[in-house]
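Please find below a short reviewer's note on the structure shown here. The points are numbered for ease of reference.

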Amino acid sequence: VFFIFLSLSLQLVPLIGFISVGLGSAVLYLLRLALYSPDISWDRKNNPEPWNKLGPTDQYKFMAVSTDYKSLKKDRPSF
């Protein structure tokens, strides 16, 4: 039924395509935040504080504009 409606109105094809790409990229970004962010702890028993395991050279932000993470030195104590 959807494809019959879509074949009757071809003007909706780009709109549906752009909405699909936007929704897909939003879902992928939310999955990236949920899986790779150090602020989220899925396993509290084995890894209660995942932010303590990050080194000073680990890039956890999506895009770093002015920070070069490879040249940073450790400036905090190890626990």
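**Notes on the predicted model**

1. Ser 37 is found in the segment that follows helix α2. The model under review is a predicted one. Ser 37 counts as buried because its relative accessible area is 18%, and the cut-off for that class is under 20%. Across the sequence, Ser 37 is separated from Pro 50 by 13 residues, and the C-alpha atoms of the two lie 9.1 Å apart in space.

2. Helix α2 covers residues 12-36, and Leu 31 belongs to it. Leu 31 has a relative accessibility of 45% and is therefore classed as partly exposed.

3. Leu 31 also contributes to a nonpolar surface patch of about 830 Å². The other residues that make this patch are Val 27, Leu 28, Leu 35, Tyr 36, Ile 40 and Trp 42.

4. The unreviewed UniProt entry places a feature named "transmembrane region" at residues 12-35. In the model, that span is 100% helix and 0% strand, with its end C-alpha atoms 34 Å apart.

5. As for the chain overall, two helices and zero strands are assigned. The protein chain has 79 residues, of which 9% count as buried. Its exposed area is about 7400 Å², and carbon and sulfur atoms supply 65% of that area.

6. A last point concerns contacts along the sequence. Among contacts in the protein chain with a separation of 6 or more, 11% come from residues 24 or more positions apart.

Note on methods
Residues numbered from 1 in each chain as written. Predicted model: local features only at pLDDT ≥ 70, side-chain atom pairs only at ≥ 80, totals over all residues. Heavy atoms only, no water. Helix = DSSP H or I, 4+ residues; strand = E, 2+ residues; numbered from the N terminus. Buried < 20%, exposed > 50% of the residue type's maximum accessible area, 1.4 Å probe, protein only. Contact = heavy atoms within 4.5 Å. Areas by Shrake-Rupley, 256 points an atom, 1.4 Å probe, with all protein chains shown as cover. UniProt positions renumbered as here; feature names shortened; annotations may be inferred. Patch = residues over 30% accessible without salt bridge, like charges linked within 9 Å, V, L, I, M, F, W, Y side chains within 5 Å. Salt bridge = Lys/Arg side-chain N within 4 Å of Asp/Glu carboxyl O.
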